[in-house]
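Here is a friendly walk through a binding site and its metal ions. Have the viewer open as you read.

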Amino acid sequence: AKEQGRNTYQFYTEGMQDREVMRLELDKDLSQALAHNEFVLHYQPQLDLDNAEIKSVEALIRWQHPRRGLLPPVDFIPLAEESGRITDIGRWVVMAACQQLANWQGTACEHLRIAVNLSGRELDDEQLVDHIREALKAENVPADRLEVELTEEIFIQNIERNLTQLSRLHQLGVHLAIDDFGVGYSSLGYLRDFPVDLLKIDRSFITEVTERHDDAVITRAVINLAHNLGIQVVAEGVETEEQLAFLKNHRCNLAQGYLISRPIPAAELERAMAQGLLL
Ligand code: C2E
Ligand code: CA
Ligand code: CA
Ligand code: CA
C-alpha cells in the first residue's frame, strides 16, 4: 500500500509539473498570438422566431495555434483571464467585430448585429468603453450593431463599477445581453438596476426542455419575467426541432444552437446568408 501511495504521489507531481510547463508555454505563445494575428472569430447565427430571419450572430473566438491547431476558447481564455492578457484579447475581439461589420456593408450580412463575449475581468479596464467607442467610429459602424454578452458574475463583484461601465456602454447605444442566465447565483434585483436588453437562457435548461417538466417551467418563467421587464430572450443550445417548437410556442424571441448552425467562419456565413440556407 505504501509502495502504491508513493507511485501515485510521483505520478501526481509529474502530472502537475507537466501541466505547469504546458501552462507556461501556452502563456508565452499567447503573448505572441496577437502580434502574429493567430486569433479568429467564428460566427453563430441567432434565429429570430417571430419572422424566421437571422438578425444577429455571436462572435466566438478561436486560436489558430502554430503547432496545436485550432484551439477552442476553453483552452486559453481562462488562462488569459488569470494573466490579465484577456484585456488585449478583448480589444482585439471588439476591433475585429467592428471591422467585420464594416466589411459586410453591401453583402447579404449587412443588417447583422454582432454579439461579442466579454469576461467580467474585462470591465476592470477603465478604457474599455472608450476603446469600443473608438473602434465603432474607426469603422464607421453604428453602436447598435454591436452587442456585448456578460455573465451574471458582473452582478456579484465590483457592482458599482460594473454598473457605471455598462451604463456608459448602453448610453453609447451598444446592446447588453446577460449570458448563461439562470446558473450564476445572482439576485434578480440586478435586472432592475442594470440596463439589460437581452437574457440568454443557459443551454442547461434547454437541453431537456421538452422532456423535463422543471426545465420547461423555468424556461417559461424566465421568458415571462424578461418580457414583463421589457427584455428580449435568446435560448442557447437549441439542437432539436422539438425544442425550437417549444420556444416558439412560448414566445421566446431568438434561438441559437447547432440546429440552426454551428459557429462558422465569416466567409461560410456570408455564403449561407446569400443563399438563404439558414432559414
Ligand atoms: P458561451 O458564450 O456560452 O458560448 C456558447 C458556447 O456553446 C460556444 O462554445 C458554442 O460553440 C457552444 N454551442 C453553441 N450552440 C450549441 C449547441 O447547440 N450545443 C452545444 N453543445 N454547444 C453549443 P465555444 O465557442 O467553445 O465557447 C465557449 C465559451 O468561451 C463561451 O461560452 C464564452 O464564455 C467563451 N468565449 C468565446 N469567445 C470569447 C471571447 O471572444 N471572449 C471571451 N472573453 N470569452 C469568449
Ligand atoms: Ca456568449
Ligand atoms: Ca452562453
Ligand atoms: Ca458559457
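The text below covers ligand 1 and then the calcium ions, in what is a predicted model.

**Around ligand 1**

Ligand 1 takes up the space of the largest pocket. Its shell holds 21 residues, and R62, S119, D179, E239 and Y258 come nearest. By character, the shell divides into eight nonpolar, five polar and eight charged residues.

Which elements supply at least two residues each of this shell? They are β2 (53–65), α3 (86–103) and β6 (175–181). The largest share comes from β2, with four residues.

Three polar contacts to ligand 1 are worth a look in the viewer:

| Residue | Protein atom | Ligand 1 atom | Distance |
|---|---|---|---|
| S119 | side-chain N or O | nitrogen | 3.0 Å |
| D179 | polar side-chain atom | oxygen | 3.0 Å |
| Y258 | polar backbone atom | oxygen | 2.8 Å |

On its own, ligand 1 has 800 Å² of accessible area, and the protein covers 80% of that.

**The calcium ions**

D179 also takes part in metal binding: the calcium ion (ligand 2) has E58 (OE), N117 (OD1), E149 (OE) and D179 (OD) as its protein donors, at 2.1 to 2.3 Å. Along the sequence, these donor residues follow the spacing E-x58-N-x31-E-x29-D. E149 lies in strand β5 (residues 146–151) and D179 in strand β6, so this pair, 30 residues apart, links distant parts of the chain.

How far apart are the calcium ion (ligand 2) and the calcium ion (ligand 3)? They are 3.9 Å apart, and D179 coordinates both.

How values were computed. Residues are numbered from 1 along each chain as its sequence is written. Chains are lettered from A and ligands numbered from 1 in the order in which they are written. This is a predicted model: local features need pLDDT of at least 70, side-chain atom pairs count only at pLDDT 80 or more; totals for chains, interfaces and linings use all residues. Side-chain values use heavy atoms; hydrogens and water are left out. A residue is near a molecule or strand if one of its heavy atoms lies within 4 Å of it. A polar contact is a pair of N or O atoms within 3.5 Å; within protein, one must be able to donate a hydrogen and the other to accept it, and residues adjacent in sequence count only if both atoms are side-chain atoms. Accessible areas come from the Shrake-Rupley method with a 1.4 Å probe; for residues, only the protein chains shown count as cover. On a 1 Å grid over the protein atoms alone, a cavity is a set of points where a 1.4 Å probe fits but cannot get out, and a pocket is an open set with protein on both sides within 12 Å along at least five of seven lines; lining residues have an atom within 4 Å of a point. A molecule sits in a cavity or pocket if more than half of its atoms lie within 2 Å of its grid points. Ala, Val, Leu, Ile, Met, Phe, Trp, Tyr, Cys and Pro count as nonpolar, Asp, Glu, Lys and Arg as charged, and the others, Gly among them, as polar. Donors are N, O and S atoms within 2.8 Å of the metal (3.2 Å for Na, K and Ca); water is not among the atoms, so sites may look incomplete.
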